[in-house]
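Thanks for coming. I will go through one structure today, taking salt bridges, then a sheet, then cavities.

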Amino acid sequence: RSMCGVGAYNWHPGALAFVLVVSASATKMPCRELYTGDEPWRNCTVQIGGLAIQGADAFNAAQGPTFRDYLTASFNNSHGLEFEAIPLDFNQNFEYVGGRRLDFIYSNPGAYTCMMVEFSIVTVASLYNFRAGNSLERFAGVIFSRRDSNFSTIEDLRRARVEAVSISGLGAMQLQQAELLNLGIDVMTDVKRLSFAYNQNKIVQDVESGYADVGFVRTDMIDRSVAANKTKWENFQVINEITDSEFPFKRSTAFTPEWPIGALPHVPFEIMEMVAIELMKLDRFSLDPALSSPGIAGKFATWVTPMNYLGLLGMLESIGYYDPEQRKCLRSGDVYAAIKCPAGYVKQSEGKVFCESDCKDGYTCLCQPCSKLEDPALVLKAEALSTPWLGGIDVPLLEAQTAFELSCARMGRCAEVASGQRIRWTLLDQIGLANRIQINAPVLTSVEMRLRFDSDWEAMVVENTTLPDGMPTQLYALESMAGEVGTHIVQVRVNGEQAPMSPVVVVHFEAPERQVVCGPGEKAEVDGSC
């Protein structure tokens, strides 16, 4: 077999279809419940769970002949073992493996890699798929649009309605998401709309009909629609097409290994080895129908020794799907909870994340799920408060000489005010408490000011407010009076540490006196009277 992606298998017109007749459901107790120690597993049921991306019926038709019928026929007489194939949705993958309700798991490489790291799964074999007469040990993702559309480049995605299969789909979401990130496009922040159709056939149909501008599918998906006379390749164009003469299908992304099967930690090594060896005997071109029929039913060529899946962790981490500190991946049952916004952005409320207009029944549509955080996070300002000046003060001239910056910068002049001027200082948090908790940013527990280099620290009072976009946040305020004439250093401390914009400079000047002209024998008083 070639390691470049296309194996030496070719379609054989003489391959026979053969169905093993074995009980569809197991009749014996699960082995893991019957044996809790190191005893060999005998006369019990081994349960294999599998990700059923096209539903339980399709899973049973494609994988049942291998995982249920073939393995039972192989080990029932010799070891008394029955095998049961259990179709799972994406979240059941994690629930069943985490709850030790299975013995083996067969899943897409992305979800499998997550479970392998989280639950110490041991990979026993990897699939060689069979597509369009080619034996393939890997696949990739395709980014495509209608050939007659105005969406032909990566940059065009910034104004596109993009459709993928699901937030956890590897070949029809995550591979494209990672590829686009490398090219400067984040689908969570840069596209007009991101829809999940939960069916790759629908994605092809929706792009062709114009409901979606750009679609994400796995390699060979469009080819299968063409082979089924549902569409024509000339209706589409591939965006970011990667030239590859050794791979038979158009692609836009890097490769991933094909689907693996792995054993949970409680499975005895003997059983792992038996299953691995038996799977690797399968060959869709074997003259023995017992060895060829499972591959024909499951549309695969054979099974091989385990491929390397750890390389996917870096990709999953880059899109925020895998957390290396917790050694855990996001779950997609709750789409809102599974949305991961990039640094500098915060996830919007559920009411703003999901688009209801122009979203098909059964679809999930996201419109700008991530909102860009304001920069800088904290803004310090000063403003004049009404001050009762004596009549001898030239108020118009004083006001003309008074100046405030729109925001105060570190070591910059923040304000020029007259001695005696009342001032309101405010520190605006442009992230807000709720968002800080959500993105695990430091919460502001104390905000203090020191108005002179040698004065005491004074606590600022928190007030609730909203930003121009309606986001709730907090503002910290302190009122003061400008002191003696001169240049003063004002400091701000947040959670006991200097704030990013601190210290700032404030200049106090002498309040200008009004020129009062009095009559003969009169003198000007401080209130401006004669």
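Salt bridges

The count of salt bridges comes to 26. Please keep in mind that this is a predicted model. I will take three of the pairs one at a time, and then a network.

The first pair on my list is R146 with D148. Their side chains form a salt bridge in which the closest N and O atoms are 2.9 Å apart. How exposed are the two partners? R146 has 26% relative accessibility, so R146 counts as partly exposed. D148 is at 58%, and because exposed means over 50%, D148 counts as exposed.

Next, D454 and R452. Here the N to O distance in the salt bridge is 3.3 Å. D454 has a relative accessible area of 59% and is therefore exposed. R452, with a relative accessible area of 30%, is partly exposed.

Beyond single pairs, there is a network: salt bridges with shared partners join R131, R218, D220, R224 and E258.

The last pair is K360 with D206, a salt bridge at 2.8 Å, N to O. Which parts of the chain does this pair link? The two parts are distant, with the residues 154 apart: D206 belongs to helix α6, residues 200–209, while K360 is in the loop between α12 (350–353) and β18 (364–366). Is D206 buried or exposed? Its relative accessibility is 3%, and the limit for buried is under 20%, so D206 counts as buried. K360, by contrast, is at 34% relative accessibility and so counts as partly exposed.

The sheet

The loop holding K360 leads us to β18, so let me turn to the sheet that contains this strand. It is an open sheet of six strands with mixed pairing, and the order is β11-β7-β10-β8-β9-β18. Which strands are at the edges? They are β11, residues 236–238, and β18, each of which pairs on one side only. On average, neighbouring strands in this sheet are turned by 25° against each other, with direction ignored.

The partner of β18 in that order is β9. Strand β9 covers residues 193–196, runs antiparallel to β18, and is joined to it by three bridges. To give you one position to look at, F196 stands opposite T364 in β18.

Cavities

How many cavities of 30 Å³ or more does a search of the whole structure find? The search finds two.

The largest cavity holds about 60 Å³ of space. Its lining is made up of I167, Q177, M188, I319, G320, Y321, L330, A338 and K340. By class, that lining has six nonpolar residues, two polar and one charged. The charged class here is Lys, Arg, Asp and Glu, so the charged residue is K340.

The second largest cavity holds about 50 Å³. V346, S371, K372, L373, E374, Q430, L467, D469 and M471 line this one. Its lining divides into four nonpolar, two polar and three charged residues. By the class list just given, the charged ones are K372, E374 and D469.

To recap the items to find on screen: the K360 and D206 salt bridge, the edge strand β18, and the two cavities. That is what I had for today.

Note on methods
Residues numbered from 1 in each chain as written. Predicted model: local features only at pLDDT ≥ 70, side-chain atom pairs only at ≥ 80, totals over all residues. Heavy atoms only, no water. Salt bridge = Lys/Arg side-chain N within 4 Å of Asp/Glu carboxyl O. Buried < 20%, exposed > 50% of the residue type's maximum accessible area, 1.4 Å probe, protein only. Helix = DSSP H or I, 4+ residues; strand = E, 2+ residues; numbered from the N terminus. 1 Å grid on protein atoms, 1.4 Å probe; cavity = no way out; pocket = protein on both sides within 12 Å on 5 of 7 lines; lining within 4 Å. Points joined across faces, edges and corners; volume = space filled by probe spheres on them. Pairing = 2+ DSSP bridges. Axes fitted to C-alpha atoms, helices over the stretch in contact; angles between N-to-C directions.
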